[in-house]
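Trainee: I'd like a close look at just one part of this model: its enclosed spaces, and what sits around them. Take me through it slowly, please.

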Amino acid sequence: MGNVKRRHAAVERGVCVACGSCEDVCPRGVVKVMKGSYAAVDISLCIGCGRCEMVCPAGAVTMEVAE
Amino acid sequence: MKPIQPIKKRWYHYLWIWSVFYFAMGFFNIIFAWLGLISFFLPFVFAIGFGTKDFCNKYCDRGQLLRVIGGQTGFSTGKLMPSWLRSSWFRYGFLTFFMSMFGQMLYTTYLVSAGAKELSEAVTLFWSIRVPWEWAYTAGSVEPWQAQFAFGLYSLMLTSAIIGILLMLLFKPRSWCAVCPMGTMTQMICKVRNNNE
């Protein structure tokens, strides 16, 4: 059987402005702004819908593929 | 862009009403501009007191206004800002510029209070365009320096709102948040407070 690939969001901490736009639109509630410094994603629960990437004004969220 | 709604509607999603109320009231009576200090102090309360950016994340009326107009009604192109606008040097440069202009506004208020300068009954947009605003102030209703501070603060708030709306129309709804001086300062405070995590 081949490996199953799935998409998930990833945040570049140094670019994130911690505005919380991503947190507001995440349907699973797996994106959180941590201590006012950066957003973090629980990739084990992320469904890779890309809503957070669409709203991020800093371009800090990208979609990655994991096996 | 395709409208994107928050997943759960919360009470703070309606805080954009405060922005509309603020600018409307300042149009008729400039003294209401003093209420803008709430938006200056509350982010610091959250950042210094709790080490969070909850003000930006939830309670910022400006952020909610841009989200509603740009994100919910689809007036935003949804494009990512050019990289130079998102860069750290621009962000910190804009913060420096913004704070210098805030300092200059405080200095002008001081000059008026000391009697060295006449009260200017005008709103200054983009720190250079003087817009007459005499109808919003009744001479003698408050001390001249109080009126001067109100005109100055309203100018700053209106200018930054216009920049925010322009960025919202051209780029993603909350593009202003990527350059917002208050957001930059509170993120710096949070990083220091939380030991640069």
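**Around the cavities**

Mentor: α4(B) is the top contributor to the lining of the largest cavity, giving four residues. Bear in mind that this is a predicted model, where local features need pLDDT of at least 70 and side-chain atom pairs pLDDT 80 or more, while totals for chains, interfaces and linings use all residues. Residues count from 1 along each chain as written, chains are lettered from A and ligands numbered from 1 in written order, and side-chain values use heavy atoms, without hydrogens or water.

That largest cavity (points on a 1 Å grid where a 1.4 Å probe fits but can't get out; lining residues have an atom within 4 Å of a point) has a volume of about 300 Å³. Its lining takes in 21 residues, and the closest to its centre are Cys60(B), Arg62(B), Trp176(B), Cys180(B) and Met182(B). Besides α4 (61-72), the elements giving two or more residues are α2 (37-50), α3 (54-59), α7 and α8 (181-193), again of chain B. α7(B) is itself largely enclosed by the rest of the structure, because 19 of its 27 residues are buried (under 20% relative accessible area).

The count comes to five cavities of 30 Å³ or more, and the second largest has a volume of about 110 Å³. Here chain A joins in: Ser21(A), Asp24(A), Val25(A) and Val55(A) line this second cavity along with chain B residues, including Arg67(B), Gly71(B) and Arg174(B). Two elements give two or more residues to that lining, namely α1 (21-25) of chain A and α4 of chain B. This time α1(A) gives the most, with three residues. So α4(B) has a part in both linings.

Note on methods. Buried means under 20% relative accessible area, exposed over 50%, partly exposed in between (1.4 Å probe, protein chains only). On a 1 Å grid over the protein atoms alone, a cavity is a set of points where a 1.4 Å probe fits but cannot get out, and a pocket is an open set with protein on both sides within 12 Å along at least five of seven lines; lining residues have an atom within 4 Å of a point. Grid points are joined across faces, edges and corners, and a volume is the space filled by probe spheres set on the points.
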